[in-house]
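Subject: The structure I promised you

Hi,

Here is the structure I said I would pass on. Have a look at it first, and then read on for my notes.

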Amino acid sequence: MPYQVQGVVARGKGQQVSTETILVPDPGPGEAVVNVKACGVCHTDLHYREGGINDDFPFLLGHEAAGVVEAVGEGVKDLAPGDYVILNWRAVCGSCRACLRGRPWYCFATHNAAQKMTLEDGTELSPALGIGAFAEKTLVAAGQCTKVSADAPPEVAGLLGCGVMAGLGAALNTGNVSRGDSVAVIGCGGVGDAAILGASLAGAAKIIAVDVDDRKLAWAREFGATDTVNSAQVDAVEAVRDLTGGFGADVVIEAVGRPETYKQAFYARDLSGTVVLVGVPTPEMTLELPLLDVFGRGGSLKSSWYGDCLPSRDFPMLIDLFLQGRLPLDRFVSEKIALDQVEEAFTRMHRGEVLRSVVVL
C-alpha cells in the first residue's frame with residue numbers, strides 16, 4: 001500500500017506552492033523510501049517553481065535533505081531501514097564512460113527512482129532533482145542515499161545535499177584552491193559563502209567577497225573572507241585587481257549565474273587563472289566575450305555541478321569535520337520552518353534575508 005503524506009507542490013509556472021496530500025509507493029527494485037527529517041529551501045526549488053528548469057509540472061519540490069530510511073526495495077545492498085542518510089541528486093551509475101575512467105563525479109548516467117509519486121487523483125509528480133523532499137516521506141533511488149553519522153542534526157546534515165556542497169566543492173574540487181592562493185567569490189548567498197568557507201579550509205591567503213549587499217558581505221567575513229567589495233559602489237573587477245597587487249585572483253568563483261557577473265569573474269582573474277561558474281543560469285541567458293580575450297588570458301573556464309562532489313566520499317568526511325568543530329555548517333541555518341511555510345521562505349530568500357531556511361519535520 002502506498003504511503004499517504006503531505007508534500008509541497010508547484011502546480012504551474014509562477015504559481016504559489018501548496019501543501020497537498022501525495023502518495024508515495026512502496027520501494028521497488030533498487031529504490032528506498034526515506035522519512036524526511038529536514039530539507040533546506042534552495043534557489044533551485046524556486047527555479048523549478050518559476051519554470052526555469054523545465055515545464056514538467058506539477059513538481060514535488062525540495063531536494064536538500066536528510067532523513068532516515070523507512071524501507072528498501074529488492075536488490076538494495078549496503079542500505080537498510082533505520083539508516084541515517086543525506087539525499088543526493090547525483091547517484092553515480094558505476095558503469096558509464098566517466099565512472100569507468102575513474103571520474104564518477106562526472107557520471108553521465110545518474111539515476112532516480114523508476115516509480116512515480118502522485119497526487120491523490122493519480123497525477124504524476126516530477127520530484128525536484130529526482131528527490132522531492134518537501135514531504136514527510138519521499139521515494140528515491142537507493143544510490144541517492146548517503147549514510148553519515150546520526151550525531152549531526154538533520155537541519156545541518158541536509159545542507160550538504162545541494163547548496164553548501166556546491167559551494168564547498170566549487171572551491172575544493174572544481175577550483176582546486178591551494179595554499180596561498182588568492183580567491184574572489186562573486187555572490188555571497190549560501191552557495192557563495194560555502195565557497196568562501198571551502199577556500200578558507202584549503203588555505204587560501206586572500207579571500208575576496210563580492211556582493212551588492214553589505215549584510216551579505218558581513219556574513220561572508222564570518223565564513224572566512226579577508227576582504228569585501230560592494231560592487232554596487234565600486235567596479236568589482238578593479239577592486240579585485242587592487243586587492244591582488246594589480247593582477248587579479250588566482251581563482252574566481254561566480255555564485256550568481258548571470259552573464260554580467262560572469263564577465264566580472266572572467267576579467268577579475270589573473271592571467272592563467274581559473275573561473276568557476278557555480279551559480280545556475282536560466283535557459284534564456286547568453287554570454288558574449290571577445291574570443292581574443294579568451295585566448296589571450298589563458299587559464300581555465302569551468303562549470304561546477306554539485307561542486308564536482310562524490311557523495312560517498314565527501315558527505316561523511318564533511319560531517320565528521322562538522323562534528324569535530326572544524327566546519328561550521330550550522331551557521332548556514334538562518335531559520336527553521338514548517339512544511340507549510342515554504343512560500344514565505346522563498347520570499348525571504350529572494351530578498352536576501354536568509355542564508356538558508358530549513359523545513360524541519
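Let me start with Leu100, which touches Gly94 and Ser95 once residues up to four places away in sequence are left out. Before you read too much into any of this, please keep in mind that the model is predicted. Leu100 sits in helix α2, which covers residues 97-100. Is Leu100 buried or exposed? With a relative accessibility of 65%, Leu100 counts as exposed, because the cut-off for that is over 50%.

Now for a contrasting leucine. Leu318 belongs to helix α10, and Leu318 is buried, with a relative accessible area of just 2%. Which residues does Leu318 touch, not counting those up to four places away in sequence? They are Leu160, Met165, Leu168, Leu327 and Leu329. If you want a sense of distance, take Leu318 and Gly352: they are 34 residues apart in sequence, and their C-alpha atoms are 26 Å apart in space.

Two of those contacts of Leu318, Met165 and Leu168, are also among the buried residues of α4. That helix spans residues 163-174, and 10 of its 12 residues are buried, so α4 is largely enclosed by the rest of the structure. The buried ones are Gly163, Val164, Met165, Ala166, Gly167, Leu168, Gly169, Ala170, Ala171 and Thr174. After α4 comes Asn176, with a positive phi near 50°, although Asn176 is not a glycine. You will find Asn176 in the loop between α4 and β11. Asn176 is partly exposed, at a relative accessible area of 45%.

Leu129 is another one to look at for its backbone. Its phi is near 50°, a positive value in a residue other than glycine. Leu129 lies in the loop between β8 (126-127) and β9 (137-141). Its relative accessibility is 19%, and Leu129 counts as buried because the limit is under 20%.

While you are looking at loops, go to the one between α1 (43-49) and β4 (59-60), where Pro58 lies. What kind of peptide bond joins Phe57 and Pro58? The bond is cis, with omega at about -5°.

On the other side of α1 in sequence, Cys42 lies in the loop between β3 (31-40) and α1. Cys42 is buried, with a relative accessible area of 4%. How far apart are Cys42 and Arg356 in sequence and in space? In sequence they are 314 residues apart, yet C-alpha to C-alpha the separation is 7.4 Å. Arg356 is also one of the residues in contact with Cys42; leaving aside neighbours within four places in sequence, the others are His63, Glu64, Cys162, Phe346 and Met349.

Next, helix α7, which runs over residues 236-243. Its buried residues are Ala236, Val237, Ala239 and Val240. Seen down the helix axis, they fall within an arc of 165°, so these residues line one face of α7. The general background is that an α-helix has 3.6 residues a turn, so residues three or four places apart point the same way. What covers the buried residues of α7? The cover includes the strands β11 (182-186), β12 (206-211), β13 (227-230) and β14 (249-254), along with helix α8 (259-268). Both ends of α7 deserve a look too. At the N-terminal end, Asp235 acts as a cap, with a side-chain oxygen 3.1 Å from the backbone nitrogen of Val237. Just after the helix, Gly245 takes a positive phi of about 70°.

Last, the second largest pocket, which holds about 320 Å³ of space. Its lining has 17 residues, and Ala142, Gly143, Cys145, Thr146 and Ser312 lie nearest the centre. The elements giving two or more residues to this lining are β10 (145-147) and α10 (311-323). Which of the elements gives the most to the lining? That is β10, with three residues. By type, the lining divides into eight nonpolar, five polar and four charged residues. You have met α10 already, as the helix that holds Leu318.

That is what I have for now. Shout if you would like to go through any of it together.

Cheers

Note on methods: Residues are numbered from 1 along each chain as its sequence is written. This is a predicted model: local features need pLDDT of at least 70, side-chain atom pairs count only at pLDDT 80 or more; totals for chains, interfaces and linings use all residues. Side-chain values use heavy atoms; hydrogens and water are left out. Buried means under 20% relative accessible area, exposed over 50%, partly exposed in between (1.4 Å probe, protein chains only). Helices (H or I, at least four residues) and strands (E, at least two) are DSSP runs, numbered from the N terminus. The arc is that of the directions from the helix axis to the C-beta atoms. Contact means heavy atoms within 4.5 Å. A polar contact is a pair of N or O atoms within 3.5 Å; within protein, one must be able to donate a hydrogen and the other to accept it, and residues adjacent in sequence count only if both atoms are side-chain atoms. On a 1 Å grid over the protein atoms alone, a cavity is a set of points where a 1.4 Å probe fits but cannot get out, and a pocket is an open set with protein on both sides within 12 Å along at least five of seven lines; lining residues have an atom within 4 Å of a point. Grid points are joined across faces, edges and corners, and a volume is the space filled by probe spheres set on the points. Ala, Val, Leu, Ile, Met, Phe, Trp, Tyr, Cys and Pro count as nonpolar, Asp, Glu, Lys and Arg as charged, and the others, Gly among them, as polar.
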